[in-house]
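Please open the model in your viewer and keep the sequence panel at hand. The tour below proposes a series of selections and states what is found at each one.

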Amino acid sequence: MARRQAIENIMKSIDDEIVVCNIGFPSRELYDIKDRDKNFYMIGSMGLASSIGLGLALAKPDEDVVVIDGDGSLLMNMGSLVTVFANNPRNLTWIVIDNGAYGSTGNQDTYAQVLDLVDVAKGVGFKNAFNFEDISLKDVIESDDASFIVYNTEAGNSTAPIIDLGPIVIKTRFMNAIK
Amino acid sequence: MDSSEAIFNGLKDAGIDFIVSVPCVNLSKLLNMIDEDDEITHIPVTREEEGIGICAGAYLGGKKPAILMQNSGLGNSINALKSLTQLYKFPLLMIMSHRGTEGENICGQVPMGESTPRILEAMDFRFFKPANPEAAYEDIKLSWDLSVEDGKPVSVLLEIKYW
């Protein structure tokens with residue numbers, strides 16, 4: 001199973017939640033699977049999905065925020081693990097799809113292949129650090145602490161097309177949907 | 001109104017209610033004032049680039065964000081400021097302690113300090129260099145609206161002699 005199937009499985013648990021999605025194929029695949037106004041698609045700034053999600057979670061305490069991140073992107077912004085943990089927004093659920101590869105640039109290996117990212121998060125202090133296969137996503141979204149979930153998949157991209165929405169359209173419809 | 005109070009009052013009157021920071025010794029008093037203000041959410045961050053992402057999310061959620069940092073943090077943030085903040089036209093106020101300027105006693109600050117204004121010019125971002133607290137207050141008070149208008153970050157550089 002590759003990333004696309006993982007995103008399909010994640011979206012089965014998404015109703016009214018905000019979704020922030022990582023740059024590249026993850027956003028393209030999410031857009032292809034289930035476009036919705038409450039999806040924020042990243043077009044640049046690799047590594048910052050969890051930071052955008054943290055800002056949203058802090059600004060919108062009554063909304064549940066789900067971040068769909070990747071292992072390569074997490075490795076680019078490891079400090080975010082510390083900032084998210086220290087602020088512990090209960091409404092933030094951070095899912096890292098770990099395929100051990102920089103998928104959007106040709107599936108080059110990442111160092112996540114030699115890491116257990118759940119152990120990393122537990123080492124930082126996360127109480128809610130899980131493998132996706134061990135949990136009910138909805139239960140975790142509704143828990144009282146920030147959560148970190150690793151979804152292990154194989155590398156590989158689908159044929160999802162490039163998103164045909166511009167950044168201002170993505171922003172405007174997203175902001176209108178969460179007003 | 002001392003140098004820190006001027007910035008604080010400018011931020012308040014600009015409506016800033018969400019601040020991320022990486023500290024500078026010159027920002028110490030200001031950071032304390034922000035921590036004591038109940039209307040401002042203050043999130044210290046591990047690296048400035050991360051803060052740019054958090055500010056983007058906070059703006060999407062209805063906040064008026066600012067980042068407080070040394071000018072060294074500009075270097076750590078350039079791609080995010082372009083491919084996130086400017087790309088989506090997110091307004092952002094950047095208050096920078098501008099090290100490496102006249103009076104600097106740490107040589108390591110000088111190369112980045114000398115290049116900082118030209119980096120902002122190359123990025124095509126508006127910036128102010130207020131010489132005194134009165135000017136800083138006026139510049140900061142206006143900066144949020146200018147940032148909304150520009151669809152880009154607006155910076156306020158505070159040189160060593162400012163403090």
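Two strands are said to pair if DSSP finds at least two bridges between them. With that criterion, select strand 4 and strand 6 (residues 153–159) of chain B: these pair in the parallel sense over seven bridges. Within this pair, H98(B) stands opposite E159(B) in strand 6 of chain B. Please bear in mind throughout that the model is predicted.

**Strand 4 of chain B and its other partner**

Keep strand 4 (residues 92–98) of chain B selected and show its side chains. The strand is mostly covered, seven of its seven residues being buried. In a regular strand, side chains alternate between the two faces of the sheet. Here L92(B), M94(B), M96(B) and H98(B) point one way, while L93(B), I95(B) and S97(B) point the other way.

Add strand 3 (residues 65–70) of chain B, which runs parallel to strand 4 of chain B and is joined to it by five bridges. I67(B) may be found opposite M94(B) in strand 4 of chain B. Now trace the chain from strand 3 through helix 4 to strand 4 of chain B; this β-α-β crossover is right-handed.

**Strands 1 and 2 of chain B**

Select strand 1 (residues 18–21) of chain B together with strand 2 of chain B, which pair in the parallel sense over four bridges. F18(B) stands opposite T41(B) in strand 2 of chain B. The connection from strand 1 to strand 2 of chain B passes through helix 2 (residues 28–35) of chain B, and this β-α-β crossover is also right-handed.

**Two further places in chain B**

Go next to M1(B), in the segment before helix 1 (3–14) of chain B. Which residues does M1(B) contact, leaving aside its neighbours within four places in sequence? They are A6(B), N9(B), P133(B) and Y137(B). Y137(B) is 136 residues away from M1(B) along the chain, and their C-alpha atoms are separated by 9.4 Å. M1(B) counts as partly exposed because it has 14 C-beta neighbours inside 10 Å.

Then select D124(B), in the loop between helix 5 (110–123) and strand 5 (127–128) of chain B. D124(B) has a positive phi of about 65°, although it is not a glycine. With 10 C-beta neighbours inside 10 Å, D124(B) counts as exposed.

**Where the chains meet**

Display both chains: 24 residues of chain B are in contact with 26 residues of chain A. On the chain B side, the elements that give two or more residues are strand 2 (41–44), helix 3 (48–60) and helix 4 (72–86) of chain B. Helix 3 of chain B provides the largest share, eight residues. By type, the chain B side divides into 12 nonpolar, eight polar and four charged residues.

**The sheet of chain A**

Move to chain A and show its strands. Six of them form an open sheet in the order 2-1-3-4-8-7, with parallel pairing. Strand 2 and strand 7 (128–131) of chain A stand at the edges with a single partner strand each, so one side of each is left without a neighbour in the sheet. The twist averages 15° from one strand to the next.

Within the sheet, strand 1 and strand 3 of chain A run parallel and are joined by four bridges. I18(A) stands opposite V65(A) in strand 3 of chain A.

**Helices of chain A**

Select helix 2 (residues 25–34) of chain A, where seven of its 10 residues are buried. These buried residues pack against helix 1 (3–11), strand 1 (18–21), strand 2 (39–41), strand 3 (65–70) and strand 4 (92–98) of chain A.

Is helix 3 (residues 49–59) of chain A enclosed or open? It is largely enclosed by the rest of the structure, because 11 of its 11 residues are buried.

Helix 6 (residues 117–124) of chain A lies across strand 4, strand 7 and strand 8 (147–152) of chain A, and runs at about 170° to strand 7 of chain A.

**The nonpolar core**

Finish with the largest nonpolar core, which has 101 residues. Those with the most contacts inside it are V20(A), C21(A), I68(A), I95(A), C55(B), I67(B) and L93(B). Centre the view on I68(A): beyond its neighbours within four places in sequence, its contacts include V19(A), C21(A), P26(A), L30(A) and I95(A).

Conventions: Residues numbered from 1 in each chain as written. Chains lettered and ligands numbered in written order. Predicted model: local features only at pLDDT ≥ 70, side-chain atom pairs only at ≥ 80, totals over all residues. Contact = placed C-beta atoms within 7 Å. Nonpolar A, V, L, I, M, F, W, Y, C, P; charged D, E, K, R; others polar. Buried ≥ 20, exposed ≤ 12 C-beta atoms within 10 Å, placed from the backbone. Right-handed = clockwise from strand over helix to strand, strands pointing away. Axes fitted to C-alpha atoms, helices over the stretch in contact; angles between N-to-C directions. Core = buried A, V, L, I, M, F, W, Y, C linked by C-beta atoms within 7 Å.
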